[in-house]
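User: I am new to this structure and would be grateful for a close look at a single part of it. Please take me through that part step by step.

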Amino acid sequence: MFINDNTSYLCVVSVMGGIKVIRGGYLIDGTGREPLEDVVVVIKGREICEVSKEGTIEIPSSAEVIDASGMTVMPGLIDCHVHLSGSRSVNPFERLRVPRYLRILRASVDARKLIEAGFTTIRDVGSEFGPALRDAIAEGTIVGPRILAAGKPISQTFGHGDWHYLPYHWVKEFAILADGPYECRKAVRLVLRDGVDLIKICTSGGVFSEKDEPAWPQFTLEEIEAIVDEAHRVGRRVAAHAEGWEGIKNAILGGVDTVEHGDQIDEELIELIKEKGKILVPTMAIDDAMVKHGEKAGIPTWAMRKIRELRSVNIRNYQKAYKAGVRMAIGTDYGGPEIFPMGGNAVELELRVKLLGAKEMDVILQATKIAAEALGLEDKIGTLEKGKLADVIVVNGNPLKDITVLRDVSNIRIVMKEGSIVVNRGISKA
Ligand SMILES: [Zn+2]
C-alpha cells in the first residue's frame with residue numbers, strides 16, 4: 001500500500017485511525033529551509049508524524065484529508081507579547097471603571113480571535129487573567145491559543161508597572177511592587193503562587209506609566225539578578241520590559257531571557273545581547289497604531305509625547321539589530337482596544353518587512369521558530385517537523401511573496417492546534 005519504505009511507512013501503518021493529512025500545499029516549514037511544493041503533512045493524534053513530497057507516501061484510506069492545493073502550509077503563528085486584559089479603550093482608567101467580570105469575558109473572546117487569526121501560541125506578558133484563560137483553554141472550556149502566562153508584572157515602586165496615577169493601595173490588584181533583592185525574590189515567589197509560566201519585570205520606565213520616562217532605569221542590577229535567580233531556580237524564564245538604554249543593559253547583564261521593546265538598543269547593546277544569546281522582542285505594531293491613531297483614540301498627551309520620542313529612534317535601532325543578526329521574535333503588545341485589536345497581530349510581520357527591510361522568510365521565522373525559542377518551546381512547536389506538535393495553518397496566497405496575506409484573517413483557511421482543527425474557513429475534507 002505504501003510506495004517507499006522510509007520511516008513514514010512505519011509511522012503511518014502503526015496507528016489505527018486518528019490520522020489527518022494535509023496535502024498538495026506549498027510548505028514553509030519554519031526551519032528556514034527552502035519551501036517545498038506539493039507536500040504531504042501527516043498528523044497522528046497531536047503530533048506531526050511525517051512531512052514528505054506528494055507521491056513519496058501513500059495516504060491511508062482512513063485518513064481525514066485536507067486539500068491545501070494552491071495554498072501555503074506553515075507553522076501556527078506565535079505572538080510573544082500580548083496582554084489579555086480585556087481592554088477596549090486606550091484610556092488608562094478603563095480598568096477601574098469596567099467591572100473585572102466584563103473584562104474577563106472580553107479577554108476570552110480576544111483569545112478566540114487570536115487563534116482564528118492563525119496564532120496558535122501566545123505569551124501573555126502581564127494580565128491578571130492570563131493563567132485562568134490558559135487553563136480554561138487547555139481544559140477545553142473556551143477556544144483559544146496555547147498561552148504562556150506571566151500573571152501580574154513585577155515592578156519597583158514608582159516603576160513602569162506601578163500605576164502612579166492610582167492610590168498606592170489599589171495597585172496590588174494589577175502588579176506586584178518590590179524593592180531591594182529580598183522583596184524581589186519574594187515577589188517572584190508570590191507570582192509563582194498564581195501558577196505563572198514566566199516572570200515579567202520592568203527594568204525601565206515606559207509610555208503608559210505617567211510619571212516616569214522610558215530612559216530611566218528601574219530595578220538595580222542586584223534586584224534584577226535576584227529575580228532572575230529565583231525564577232531560573234524553578235525553570236521559569238524572565239521577560240523584561242526595557243525601553244531605555246540603561247534598562248536594556250541591566251536586563252541583559254542581570255540575565256533575563258527576553259528583552260521586550262528594546263527601543264534604545266544601540267551598537268554596544270546589540271553586541272551584548274548577541275554575546276549573551278538573548279532574544280529581542282520589538283513591538284512595532286503598537287507603536288505604529290499609537291502614532292497613527294492614538295490622539296484620536298484618546299491616548300493621554302503624556303503617553304503620546306513619549307511614544308513619538310521613542311518612535312523617532314527605535315525603527316533605526318531595530319534595523320541595526322536586524323542587520324547585525326540579533327535574534328528577534330514577534331511581539332505586538334496588543335491588548336484589545338480598537339486600535340490594537342486581538343486578531344490583527346500579523347501586522348507586526350508586515351511592519352518588519354516594510355520598515356526594517358526584513359526578508360519575508362526572516363519575519364516568518366521570527367513568528368515561528370525564533371518565537372518558540374523565546375518561549376523555551378522549540379522542542380515542541382515553531383516548525384513543521386516530525387515529532388513536533390501539529391500546530392499548522394493553511395493560508396491563501398504566498399506570504400513569501402506578499403506578507404500582507406497573513407493579516408487578512410479570511411486568508412487563514414485552516415488553523416490546527418495540536419492536531420485538532422480549530423478553524424476551517426470553507427475547506428472541505430475528503
Ligand atoms: Zn506590554
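The request and the answer below concern one sheet and the helix beside it, followed by a pair of helices.

User: In what order do the three strands of the open sheet lie, and which helix packs on the sheet?

Analyst: The model is a predicted one. Its open sheet consists of three strands, arranged in the order β6-β7-β8, and their pairing is parallel. In general, the strands of a sheet pair through backbone hydrogen bonds, in either a parallel or an antiparallel manner. At the edges lie β6 (77-82) and β8 (146-149), each of which pairs on one side only. Averaged over the sheet and with direction ignored, neighbouring strands are turned by 15 degrees against each other. Strand β6 is joined by four bridges to β7 (residues 119-124), and the two run parallel. Within this pairing, Leu77 has Phe119 of β7 as its bridge partner. Helix α4 (residues 130-138) packs on the sheet, where it touches β7 and β8. The direction of α4 makes about 155 degrees with that of β8.

The pair of helices completes the picture. Helix α6 (residues 221-233) packs with helix α7 (residues 245-254) at an angle of about 45 degrees, and their axes are 9 Å apart. Because of this angle, α6 is oblique to α7. The crossing in which α6 passes α7 is right-handed. On the α6 side, Leu221, Ile224, Glu225 and Val228 take part, and they meet Asn250, Ala251, Leu253 and Gly254 of α7. By class, this contact has five nonpolar, two polar and one charged residues.

Definitions and conventions:
Residues numbered from 1 in each chain as written. Predicted model: local features only at pLDDT ≥ 70, side-chain atom pairs only at ≥ 80, totals over all residues. Axes fitted to C-alpha atoms, helices over the stretch in contact; angles between N-to-C directions. Parallel < 35°, antiparallel > 145°, perpendicular 65-115°, else oblique. Left-handed = near helix turned anticlockwise from the far one by under 90°. Contact = placed C-beta atoms within 7 Å. Nonpolar A, V, L, I, M, F, W, Y, C, P; charged D, E, K, R; others polar. Pairing = 2+ DSSP bridges.
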